[in-house]
Amino acid sequence: MASSPAPSPSRIRLLSEHVANQIAAGEVIERPASVLKELLENALDARSRRVGVRTRGGGRSLVEVIDDGHGMNRDDALLCLERHATSKLRDTDDLRHLLSYGFRGEALPSIASVSKFLLQTQEPGAIEGTEISIHGGKLLSVREAGLAHGTRVEVRSLFYNLPARRKFLRTEKTELSHLQHILLLAGLARPDVGFDIVHDDDAPVRWPAGQDLQRRIASIFGPAWGADLVPVSGEDGDLKLTGFIGRPGVSRATRQEQFLFVNKRPVESRTLHYALQEGYHNALMRGRYPVTVLFLDLAPEDLDVNIHPAKREVRFHDEGRIRFFLKKAVQKALEGFADAPLSVSLGAGPGSDVPAPSVREIASPRYGIASRLAPPPASPGREAAPIARTPDEALPPRQSDLPIPREETPLAPLPRPGLDPLPSAPLRPEPEPEPDSAAAASPAPLGFRLLGILAKLYLVAESPEGLVLIDQHAAHERILFEKLLDRLRRREVESQRLLLPVTVELPPRESAFLESEIASLQAIGLGIAPFGARTFVVDALPPMIANTKHGANVPELIRNLLADLQEEGGETRKERRLSEETVAKKACRFAVKANDRLSPPEAERLLLDLMACHLPYTCPHGRPTMIQITKPELEKKFGRIV
Ligand SMILES: Nc1ncnc2c1ncn2[C@@H]1O[C@H](COP(=O)(O)OP(=O)(O)OP(=O)(O)O)[C@@H](O)[C@H]1O
Ligand SMILES: [Mg+2]
C-alpha cells in the first residue's frame, strides 16, 4: 500500500513584533524629518504649550523633542511602545471624528525599532516619572526618575541597525532642510504653541507661544514676506477658511510656498491646488503658483486622512463643494487688486523696517526656489533666526580682485573690404543686457583689422605682426567666464526664471554628487533644489545659458554639466568641494552658441570683449583663443626668405 508523502514543513510564519515594527518603520520613517514629524505631532496631541527641538547632524545623530504636555504614567509609557497602542482611537467610528494628528499607534514603536531611543515622561502632579531606553527595538531599561512634567523623546543614531537605510540618507545639509521644513509646517499650523529650536551648535530659533498667524509668519519668514500677503476668510456652514494668500503678481515657480492646512494638519491636496489656481485665474502668470498659508477647517467626518501611513494626503468626501468654496474665497480676497501689475515684488509694506530687496536681488538665486526651502533673507533685528542660510550667504564677501583693462579710446571704424557693414546690428553675442560689463563699457584698442569669418567659426584678422585666427567659441567662453567670475566676486550673479520649473531625476551617484555641489551651482545662478528622492527641480538658469539650445533642454543640460563636473572632481577627490570658479568654468561651455554666423559688428564686438579680458589668449580650459602667423613665418612659407 502506498503511504501518503509526509507533510512539508509549514512555510508561513507569523512575523515577530520586532520585524513587524521595522517593516512599519519603512513606511512611516523615511528619514530624520519623519521622526521629527511624528514626535512633534505627539507633543501637540498631548496639548503642549511649548515644544523644544534639538537636532544634530541633520537628525542622523539626534532628534530630540521635549514638551510640556500631559505626559504618561508608567503603564502608558510602556504600552505606547507596543504596536497599535494609541490613546487617540478606540474603534473605527472614532476614525471619522479625528482631530488628533496621530491615530495609528505605530510611530513610537517604529522609531524605537530603528534607533537608540529614550523616552522620559511624567504626568503633571506626579512625584516621579518614567524613563525607558530601547535600542533597535530591544528594551534595555525601565526606571523611575524625577522629571519635569511632560515628555522628552531622544532619538539617536537613526537606522544604525539598518545600514542600507542609513546609506540612503542624504547629506547633513539636505536632511537638515527637511527637518526645517517639518518645523516650519508645525510652526505655521500652531502659532499658539511656542517652539524653541536648536540645530547643532547654531543660534537657537524661538517662535514665542501665543502668537496669531500673522505674527508667527513674521517670526518664521521675517516681516517682508508677509507684507505681500492679503487675508482670506470664508465661512459656509461647517466649512471655514482663514489665512493669507499672495496678492496678484506675487507668485512662485513652484508650490513650495503653498502651505495648506486642513484641520490644522499640513496636507497635499490636488483639490485645494486646483481651487487655488482657479481662484487666481488670470491674476497669475502661466506656470506660476500662488503663495499661501491657508487653513481650512471642516467637520472631521467629511474628511479622510487615513490614506497614507505618513498622513500627507487627505481626501474630501465632497470635493466639488470644497473646491468651489475655496475658489470663491480666493476670488473675493483678490477682488480689490484686479488692476495690480503682474510683476514679482517682494518689497516690504508700509511701516515695515525691512528694506525691500532690489530688482537685482529678486532676480538673484537667493530668491529662486533652490533657496526657498529656506525663508527669504532676514532683517538683522528680527526675533527669529532664519531657518536656513541662503546659498549666497554662505559665501564670504569678496572684493573684485580681477583687474580688467579699461581704456577710454573708442575703436576707429574698421575698413571691411568685402563685408557688409551692419552698423545697427546687436553687438553682443549673448542676449542678456550687460550694461555694466567691463568689456562693453570700455573697448580696448586692438590693433587688429577684422578681415572676415572662416568656416563660420574662425575670425580672421590682421595684426601688426601678421595674420591672426580667433576661435569664436573659445573667445566667447573666455568672455563669459570672466564676466561670470566678476559677478561672482561682486556677488551679483543673476538668474533667469524658467516659465515652467523642470524636474530632473538622476541616478544615485549623480544625485549624491549634485547634492554635494549644489551650493556652487546655485551660486552661479542655477535655481536648483532637491525635490524628493533623487529628483531635483530647476526653476531658473544663468541668463547666459537660458537662451541657448542647452537652456531649452534642462535635464540634458544638468546631466552634461554634472558629467563635466564629475570629471573635474575625479574619484580620488571625493571629499573636496569644487570651487565656484570651477563650476563657472564648466557652465560657460554651455553658454556658447554653436554654429552661429556672426555679423561683422558682432565679430568686432567679440574681439573687443575678448581683448578686454584679463586672460584673453586662452579659453577657461586652457585652449588657445587665437593663433598668430607672423609675417616672417608667412614669408618663410612663401619662400621669400630662407
Ligand atoms: N509626547 C507625548 N506626550 C504624551 N503622550 C504621548 C506622547 N507621545 C506619545 N504619547 C502616547 O503614546 C501613544 C503612542 O504614540 P504613537 O505616536 O506611537 O501613536 P499615535 O500618536 O497614537 O498614532 P500615530 O502612529 O498615528 O502617530 C499615543 O497615542 C499617546 O497616548
Ligand atoms: Mg503619534
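# Exercises on a predicted model

Eight strands make up an open sheet with mixed pairing, ordered β5-β4-β3-β6-β2-β1-β7-β8. The model is predicted. Work through the tasks below with the structure in view.

## Exercise 1: The eight-stranded sheet

**Task.** Find which strands stand at the edges of this sheet, and state why one side of each is left without a neighbour.

**Solution.**
1. Write down the order: β5-β4-β3-β6-β2-β1-β7-β8.
2. Look at the edges. There stand β5 (138-145) and β8 (205-207).
3. Count partners. Each of these two strands has a single partner strand, so one side of each has no neighbour in the sheet.
4. Add the twist. From one strand to the next, it averages 10°.

**Task.** Describe how β4 joins β5, and name the bridge partner of S133.

**Solution.**
1. Locate β4 at residues 129-135.
2. Check the direction. β4 and β5 run antiparallel, joined by seven bridges.
3. Pick out S133. Its bridge partner in β5 is S141.
4. Now look for helices. Helix α2 (residues 32-45) packs on the sheet and touches β1 (50-56), β2 (62-67), β6 (150-156) and β7 (194-199). The direction of α2 makes about 10° with that of β2.
5. Helix α7 (residues 172-189) lies across β1, β7 and β8. α7 runs at about 170° to β7.

## Exercise 2: The five-stranded sheet

**Task.** Give the order of the open sheet of five strands, then find which helices pack on it.

**Solution.**
1. The order is β9-β10-β15-β12-β13, and the pairing is mixed.
2. The edges are held by β9 (229-236) and β13 (265-266). Each has a single partner strand, so one side of each lacks a neighbour in the sheet.
3. Strands β10 (residues 239-246) and β15 (residues 292-297) run antiparallel, with six bridges between them. L241 has L296 of β15 as its bridge partner.
4. Helix α10 (residues 270-280) packs on the sheet, where it touches β10, β12 (258-262) and β15. The direction of α10 makes about 125° with that of β12.
5. Helix α11 (residues 319-334) also packs on the sheet, touching β9, β10 and β15. The direction of α11 makes about 45° with that of β10.

**Task.** Describe how α10 and α11 pack together.

**Solution.**
1. Their angle is about 35°, and their axes are 8 Å apart.
2. The crossing of α10 and α11 is right-handed.
3. Residues making the contact include T271, L272 and Y274 of α10, and I322, L326 and V330 of α11.

## Exercise 3: Checking helix α14

**Task.** Work out whether the span of helix α14 agrees or disagrees with 1.5 Å a residue.

**Solution.**
1. α14 covers residues 472-490, which is 19 residues.
2. Use one less than the number of residues, times 1.5 Å.
3. The expected span is 27 Å.
4. The end C-alpha atoms lie 27 Å apart, so the two values agree.
5. Inspect the ends. D471 caps the N-terminal end of α14, with a side-chain oxygen 2.9 Å from the backbone nitrogen of H473. Just after α14, R491 takes a positive phi of about 55°.
6. Finish with burial: 18 of the 19 residues of α14 are buried.

## Exercise 4: Two residues

**Task.** Are S511 and G527 buried or exposed?

**Solution.**
1. Recall the cut-off: buried means under 20% relative accessible area.
2. S511, in helix α15 (residues 508-523), has 2%, so S511 is buried.
3. Leaving aside neighbours within four places in sequence, S511 is in contact with R170, L506, R534 and F536.
4. G527, in strand β22 (residues 527-530), has 1%, so G527 is buried.
5. The C-alpha atoms of G527 and D539 are separated by 5.3 Å, though these residues are 12 apart along the chain.

Methods: Residues are numbered from 1 along each chain as its sequence is written. Chains are lettered from A and ligands numbered from 1 in the order in which they are written. This is a predicted model: local features need pLDDT of at least 70, side-chain atom pairs count only at pLDDT 80 or more; totals for chains, interfaces and linings use all residues. Side-chain values use heavy atoms; hydrogens and water are left out. Two strands pair if DSSP finds at least two bridges between them. Helices (H or I, at least four residues) and strands (E, at least two) are DSSP runs, numbered from the N terminus. Contact means heavy atoms within 4.5 Å. Axes are lines fitted to C-alpha atoms, for helices over the stretch in contact, and angles run from 0 to 180 degrees between N-to-C directions. Buried means under 20% relative accessible area, exposed over 50%, partly exposed in between (1.4 Å probe, protein chains only). A polar contact is a pair of N or O atoms within 3.5 Å; within protein, one must be able to donate a hydrogen and the other to accept it, and residues adjacent in sequence count only if both atoms are side-chain atoms. A crossing is left-handed if the near helix is turned anticlockwise from the far one by less than a right angle, and right-handed if clockwise.
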